[in-house]
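Reader: Could you walk me through a few helices of this model, with the cut-offs spelled out as we go?

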Amino acid sequence: MQTEDGRRMERTKADWLERLEPHGQTHLLAFWNELNAAERERLTQQIEAIDFAELAGLVHGHDEAPDWPALAARATSPPAFRLNDEQPRFSADEARDAGETALRAGRVGMILVAGGQGTRLGFEHPKSMFAIGPVSGASLLQILTERLRAIGRRYGATIPMYMMTSPATHAETVAFTDEFARFGLPAEDFRLFCQGTMPAVDLEGRVLLAERDSLAIAPNGHGGMVEALGRSRCLADAQSRGIDILFYGQVDNPLLQVCDPTLIGYHLLARSEMTTQVVEKRYPLERVGNVVEIDGRVQIIEYSDLPNEAAELRDETGRLKLWAGNLAVHVFDVPFLERVIEHPESLPFHRARKKTPFLAADGTRVEPNEPNSIKFERFIFDLLPAANHAIVVEVDPAEAFAPVKNANDAETDTPRIAQAMMVALHRRWLREAGAEVPNDVPVEISPLWALDAEDCRRRGVAGTKFDEPTYLHE
């Protein structure tokens with residue numbers, strides 16, 4: 001509660017009960033009399049952040065399950081710029097020129113999604129801090145930040161980074177980036193903003209308590225980026241700089257082609273409001289989101305929703321009909337994101353049943369064995385059907401996609417696989433530049449030293465033999 005001059009007034013327990021009673025949430029104050037002033041403040045701040053009317057609508061609303069077989073039957077390949085396309089609307093050279101022009105003009109900014117923790121990696125810190133450099137031990141964030149700096153230097157432009165954290169990672173990420181001076185990015189060009197949250201509710205819609213003084217809350221999904229970008233004034237900052245294009249990527253991909261001019265150029269030439277980078281699926285049932293076109297709109301059918309018979313379909317050349325695998329790499333028009341903020345229904349909440357630990361009425365902590373709660377998330381790819389002229393751009397995964405999601409004992413998306421891909425790419429650059437690199441020698445190249453084989457040539461490595469582990473950096 002605020003007075004007219006903006007000072008906060010303390011609400012009594014009766015005030016809060018009056019607010020919570022119409023929504024059936026008075027149990028949130030069950031331990032009020034045991035809390036000190038700071039604990040009451042923490043609890044009431046979390047309660048105050050909830051729109052209980054919206055929450056009730058989400059809890060009691062009914063998701064209309066899409067008829068995936070019918071949709072898949074109508075799905076076709078999305079509007080695409082493919083590798084080795086013999087008759088593209090625009091050539092790769094044209095696209096690169098357009099993207100480079102936009103970069104030089106200062107029209108481009110970067111969104112980096114970095115709210116995840118490294119739990120699946122066995123790393124009890126924000127995933128952005130995970131050491132992935134195969135020789136250097138550089139963190140994921142260092143590698144991507146250095147790539148952004150290198151792109152800015154190449155095109156003589158300032159490219160700000162807007163990095164989204166989550167409540168679970170924000171404080172540690174702030175300390176980490178401060179400790180390393182943002183890996184060379186000036187403070188004014190590096191903005192952290194925190195993802196929003198949604199409360200977890202039981203199956204009757206009652207908000208769960210995590211502790212006596214705090215609610216069970218969870219990040220609201222990567223789709224929450226749009227609302228958080230606006231709330232944090234990061235979108236306004238981009239607009240004040242004359243930025244009208246935002247590149248979007250996730251921190252767990254050390255091969256992310258940060259602000260790639262060709263991708264940006266295709267986006268511009270096609271007048272797309274949202275462009276998605278994709279790879280050709282390796283096999284029909286690969287566990288990736290399928291980017292398709294249905295009734296004139298681009299959208300994603302998750303692998304779990306795509307019927308096998310649709311996944312197996314092939315065109316007249318024998319290639320998969322639904323071939324485009326989502327990489328979670330996008331380019332957005334800033335005016336499009338503005339429109340989404342004004343019309344949030346473009347990003348619906350999805351409901352999922354989860355196992356959520358909670359505090360029982362007697363104050364004991366319960367660790368459920370079965371899903372006991374509903375959590376609410378938004379997904380960024382749900383924006384695709386709302387975007388005009390949406391397109392996809394195919395990329396070679398060996399050059400652009402090495403996700404780091406699982407510990408090394410898993411079969412896919414492990415640090416070991418990502419490091420091997422980084423070494424293979426950097427070894428190829430050096431060989432193309434005339435260097436000799438044995439297959440059993442790991443090499444790693446900092447983006448500030450070279451962004452590609454041509455940069456390696458300019459470094460004069462022709463004739464050089466790399467016969468021991470090497471990290472090339474400034």
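**Helices and their surroundings**

Author: Happy to, starting with helix α5, where A95, A98, G99, E100, A102 and L103 are buried, meaning under 20% relative accessible area with a 1.4 Å probe and protein chains only. This is a predicted model, in which local features need pLDDT of at least 70, side-chain atom pairs count only at pLDDT 80 or more, and totals for chains, interfaces and linings use all residues. Residues are numbered from 1 along each chain as its sequence is written, and side-chain values use heavy atoms, with hydrogens and water left out.

Reader: What span does α5 reach from its first C-alpha to its last?

Author: Helix α5 covers residues 92–104, 13 in number; helices here are DSSP runs of H or I with at least four residues, and strands are E runs of at least two, numbered from the N terminus. The expected span is 1.5 Å times one less than the number of residues. For α5 that expectation is 18 Å, and the model comes close to it, with a reach of 18 Å.

Reader: Which elements are included in what covers the buried residues of α5?

Author: Contact here means heavy atoms within 4.5 Å. The cover includes two strands and two helices: β2 (108–113), β10 (245–250), α6 (140–155) and α10 (261–269).

Reader: How many of the residues of α10 are buried?

Author: The buried residues of α10 are P261, T262, L263, I264, G265, Y266 and H267. Helix α10 is largely enclosed by the rest of the structure, because its buried residues number 7 of the 9.

Reader: At what angle do α1 and α2 pack?

Author: Axes are lines fitted to C-alpha atoms, for helices over the stretch in contact, and angles run from 0 to 180 degrees between N-to-C directions. Helix α1 (residues 13–20) and helix α2 (residues 37–48) have axes 12 Å apart, and their packing angle is about 25 degrees.

Reader: Is α1 roughly parallel or roughly antiparallel to α2?

Author: Angles under 35 degrees count as roughly parallel, over 145 as roughly antiparallel, 65 to 115 as roughly perpendicular and the rest as oblique. The angle of about 25 degrees therefore makes α1 and α2 roughly parallel.

Reader: Which residues of α2 meet α1?

Author: From α1, the residues taking part are W16, R19 and L20. Their partners in α2 are T44, I47 and E48.

Reader: Which residues does A398 touch, not counting residues up to four places away in sequence?

Author: A398 lies in helix α13 (residues 397–400). With that sequence neighbourhood left out, A398 touches L255, M421 and L425.

Note on methods
Buried < 20%, exposed > 50% of the residue type's maximum accessible area, 1.4 Å probe, protein only.
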